Amino acid sequence: MAEEIWDEAIGHVLRAGTAGFSVGARVNQIGAPAFGMFVRAQPRTDDREAVYGLLYDIHIDDDPLVRQLVLADAVSEETIRDQRYHRIVPLEMSVLAIGYRHISGEVRYTLPPRPPLSLDPIYLCGPDEVREVASRFNYFRLVLNAAQVPGEQLLASALLNAADTLPEDERYPFLVQAGREAASLLGGDLTRLDYLLKLISPA
Amino acid sequence: MTLEFHKLTAQVDQMGEVLADQQEDIDSKIEIALQILEAHADEAFLPYIHERVQDAIDRDAGYRGARPLDEPVMNVYAPAPLPESATVVATDGSQINPDAHGPALYYLLNFGTIVVHHGSGEPPAIASDPYLFYEKEYMFTEERGTISTAHVAARRTVNEMASLAEYGWHQRGEARPLLTLIDGPLLLFGMGAEVPDRDQLRKQYFGAMDLLYDAKAGLAGYTDRPRSRYAVGLLHLLDLQQEDVTRAALANDGRLEGLPDIQVFGQFLRPTQRTALFVQMSPINKAFRGQAGASHEIAFFYMNVANGDRRPHLARVEVPMWVAEDRALVAELQALIYHQCHQVASRYPYVLTRAHELAIVKHEEAQQLNMMIRVTLTRHGLAAEQSEKQSGKDAVAGARARFEVGA
């Protein structure tokens, strides 16, 4: 059976706090992760919780050699692949924590009791896991209230990603329900609500 | 305490003035050099030039200048079209020198190698090979003294070639041409009295070259911004009357003293082009020929690796005679080197940049190695403290930036 993209770690925890964490990866690992995806920080031991989050920033660092290459006339494919496969040019992804899986097995939509540890592997959630985590909307407030993220953009992307995991006839009702939940939270800020609803409305 | 820049302002100003004056002097010397070069540019002069060089050698006048191989001295040569496929191997080395104040007496050599299958679109293969030396035979000379940093550097140079040869040999069945590149000259400098085992090291070096010779590899040593004056030495010789050629007359370059070769060739060498092939007439090169064979004598040329409309950027490329005699291979190496230089904006071969990056031992890594050594010594019940002097140095170093070790 072919391995799916969510079976392989997309990176490892660089820095972490209760509210979120940063993930380091090589540049050649940029293929799978995308803005608004559900991810899981998997602990290496059973005594800690798996932490769920939404990927909200992907940042590629440069270094002096990359700057030289950018200015070069005609960089060969071998050189570009050397940079991407071998050199430690880190791809840094930022994740907003939206919940964790309690030891009991239940997903809880609060900040995790402790952050993931450095070098814990990070996985993209598979369709079943996304459906499970996104089935309740208790994480909306964490996303919309987080100062460091573009809240409406991030929530809209997450909802559209979650909708994609559902059968086609369940997608629209899911988004309508999510829109109602958002309306209850953003009732006092119609500008943000309007923006969010436009982002998740079917074209 | 940091460097007090205000105390340097006047000195830096003065430096600028002196260097500007020197450039005026250089400009007039370039004109003289070009006149001499033009006067001997015709192919018909080659036998005469060879005769003058031989005469200087026969007079034992200490001639260290160049001898043209078989190409007119002012000719320029374009590269071959860039090969569609080729194999490029580059190696560089670095070291941690012995430190009497460290936890133990040792030194480390680290070699970085990159193998590029040019035209394949595949990522290159890379390797970093560290070697730790700590046994008495490596640390002390016969006179019971601790090995000097010059001695370590000599061993590094020889092992760089050995490493390049090993990786190059394994690529002998891959796409041709096979370019094996090293940073700096191929001639072995720094092998004087401070290197007691120099004969053995030379043998090792020649053995590595033999391997590349057997692999029919295009071995080359690349020197960026060379200050060499081999061709200028030749022009000075030609500027002298034959009867005036003495040790005293050749002790400097006369009217051309201080003029580097690249200032002369930079006047007419267009981007991608190379100069004629020359041989440097030194005892070191003579030893290469005498001990390793005529095929291992080192020849060189200059090439302009600059972009089309930019000011010239000349590098010296040294090749062994087995490469120099194959002009089609020389033209292909020229094309590959130029291509490598244009992978980065700095006009220096990308493979050498990467080999250096793979070889370099950073200060933090050296500290980490020292920590590993301390742990293992302690486990074996040995004292593993650095000296009081080193502790003091570390204390004042604080968070100040440190230079990387070696390379």
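Me: Which residue of E4(B) does B:Tyr107 stand opposite?

Reply: B:Tyr107 stands opposite B:Phe133 in E4(B). This is a predicted model, and the pair belongs to two strands, E3(B) and E4(B), that run antiparallel and are joined by nine bridges.

Me: What makes E3(B) and E4(B) count as paired strands?

Reply: Two strands pair if DSSP finds at least two bridges between them. E3(B) and E4(B) have nine bridges, so they pair by that rule.

Me: Where do these strands sit in the sheet of chain B?

Reply: They stand at one end of the order E1-E7-E8-E9-E6-E5-E2-E3-E4, an open sheet of nine strands with mixed pairing.

Me: Why are E1 and E4 of chain B called edge strands?

Reply: Strand E1 (66-68) and strand E4 (125-133) each pair on one side only. As for the twist of this sheet, neighbouring strands are turned by 30° against each other on average, direction ignored.

Me: What lies across this part of the sheet?

Reply: Helix H4 (residues 149-170) of chain B lies across E2, E3, E4 and E5, and runs at about 155° to E2(B).

Me: How do you know that strand E9 of chain B is mostly covered?

Reply: A residue is buried if 20 or more other C-beta atoms lie within 10 Å of its own. In E9(B), residues 314-320, seven of seven residues are buried. B:Leu314, B:Arg316, B:Glu318 and B:Pro320 point one way, while B:Ala315, B:Val317 and B:Val319 point the other way, and all are buried.

Me: Which strands are joined to E9(B) by bridges, and how many bridges are there?

Reply: E8(B) is joined to E9(B) by seven bridges and runs antiparallel to it. In that pair, B:Ala299 has B:Val319 as its bridge partner. Strand E6 (residues 218-224) also runs antiparallel to E9(B), with four bridges, and B:Tyr222 stands opposite B:Val317 in E9(B).

Me: Why can we say that the buried residues of helix H8 of chain B line one face?

Reply: The buried residues in H8 (residues 283-292) are B:Asn285, B:Phe288 and B:Ala292. Seen down the axis of H8(B), they fall within an arc of 65°, so they line one face of the helix. A general rule fits here: an α-helix has 3.6 residues a turn, so residues three or four places apart point the same way.

Me: What do the two sides of H8(B) look towards?

Reply: The buried residues pack against helix H5 (198-214), strand E7 (278-280) and strand E8 (298-304) of chain B. The face turned away from the buried side carries the exposed residues B:Pro283 and B:Gly290. Just after the helix, B:Gly293 takes a positive phi of about 110°.

Me: Why does the radius of gyration of chain B agree with that of a compact globule?

Reply: With 407 residues, a compact globule would have a radius near 22 Å, and chain B has 24 Å, which agrees. Along its principal axes, the C-alpha trace spans about 75 × 60 × 45 Å. The chain holds 13 helices and nine strands, and 39% of its 407 residues count as buried.

Me: How many residues of chain B are in contact with chain A?

Reply: 18 residues of chain B are in contact with 16 residues of chain A. On the chain B side, the elements that give two or more residues are strand E3 (107-118) and helix H11 (350-359). The residues of that side divide into seven nonpolar, nine polar and two charged.

Conventions
Residues numbered from 1 in each chain as written. Chains lettered and ligands numbered in written order. Predicted model: local features only at pLDDT ≥ 70, side-chain atom pairs only at ≥ 80, totals over all residues. Buried ≥ 20, exposed ≤ 12 C-beta atoms within 10 Å, placed from the backbone. Arc of directions from axis to C-beta. Contact = placed C-beta atoms within 7 Å. Nonpolar A, V, L, I, M, F, W, Y, C, P; charged D, E, K, R; others polar. Rg over C-alpha atoms; globule rule 2.2 N^0.38 Å. Axes fitted to C-alpha atoms, helices over the stretch in contact; angles between N-to-C directions.
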